[in-house]
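User: Please take a close look at the salt bridges of this model, and say where the paired side chains sit and how far each is buried or exposed.

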Amino acid sequence: HETDVMRRVAVAEGVAPDAVLVDRDGLDTRATARNAARILREHGARNALVVSHGYHLQRVKAAFDGEDFAVRTVPARESRTLLAMPWFVARETAAWWAYWVRERLG
């Protein structure tokens, strides 16, 4: 599962294993923000750093804002050139606008 891989990477980079909180139900940006905000609040957190691809950070921030949870976003360092980057950016632009409209208009 993707979260198992991310947990292993975090621990390999020096994060204490018991400090890693995992959400296996975050199947999209909105669900991840909702679940993460709930999990973090349960552990007494009031804010967090959120790491994702640079092109995805605006929507991540908007999703957490929708959960009334303060985050700062950090772009992930790419380990290789993403050849499909133009597609990812175009898709994210459309997804951000769709997200914005849905949030504003219900």
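Analyst: A residue is called buried when its relative accessible area is under 20%, exposed when that value is over 50%, and partly exposed in between. The model is predicted, and a search of the whole structure finds four salt bridges, among them the three pairs described here.

With that cut-off in hand, R59 can be placed: its relative accessible area is 11%, so R59 is buried. Its partner is E92, and the closest N and O atoms of this salt bridge are 2.7 Å apart. Because R59 lies in helix α3 and E92 in helix α4, the pair ties together parts that are 33 residues apart in sequence. E92 has a relative accessible area of 5%, and therefore counts as buried.

The side chains of R24 and D4 also meet in a salt bridge, with an N to O distance of 3.0 Å. This pair, too, links distant parts of the chain, since R24 belongs to the loop between α1 and α2 while D4 is in helix α1, 20 residues apart. R24 has a relative accessibility of 42% and so counts as partly exposed, and D4, at 30%, is likewise partly exposed. The loop that holds R24 is also the place of V20, which at 18% relative accessibility counts as buried. V20 touches R7, A10, V11 and V15, leaving aside residues up to four places away in sequence.

A further salt bridge joins the side chains of R38 and E42, at 3.3 Å from N to O. Here both residues lie in helix α2, four residues apart, which is about one turn of the helix. R38 is partly exposed, with a relative accessible area of 42%, whereas E42, at 55%, is exposed.

The helices that carry these pairs also take part in other features of the model. The largest nonpolar core has twelve residues, including A33, A36, V60 and A63; α2, β1 and α3 each supply at least two residues of this core, and α2 gives the most, with four. V60, one of the core residues, touches T29, V50, S52 and T73, again not counting residues up to four places away in sequence.

The largest pocket holds about 2,000 Å³ of space. Of the 48 residues lining this pocket, M6, T32, V50, V51 and S52 are the closest to its centre, and the elements giving two or more residues to the lining are α1, α2, β1, α3 and α4. The lining divides into 25 nonpolar, nine polar and 14 charged residues.

Notes. Residues are numbered from 1 along each chain as its sequence is written. This is a predicted model: local features need pLDDT of at least 70, side-chain atom pairs count only at pLDDT 80 or more; totals for chains, interfaces and linings use all residues. Side-chain values use heavy atoms; hydrogens and water are left out. Buried means under 20% relative accessible area, exposed over 50%, partly exposed in between (1.4 Å probe, protein chains only). Contact means heavy atoms within 4.5 Å. A nonpolar core is a set of buried Ala, Val, Leu, Ile, Met, Phe, Trp, Tyr and Cys residues joined through side-chain atoms within 4.5 Å. On a 1 Å grid over the protein atoms alone, a cavity is a set of points where a 1.4 Å probe fits but cannot get out, and a pocket is an open set with protein on both sides within 12 Å along at least five of seven lines; lining residues have an atom within 4 Å of a point. Grid points are joined across faces, edges and corners, and a volume is the space filled by probe spheres set on the points. Ala, Val, Leu, Ile, Met, Phe, Trp, Tyr, Cys and Pro count as nonpolar, Asp, Glu, Lys and Arg as charged, and the others, Gly among them, as polar.
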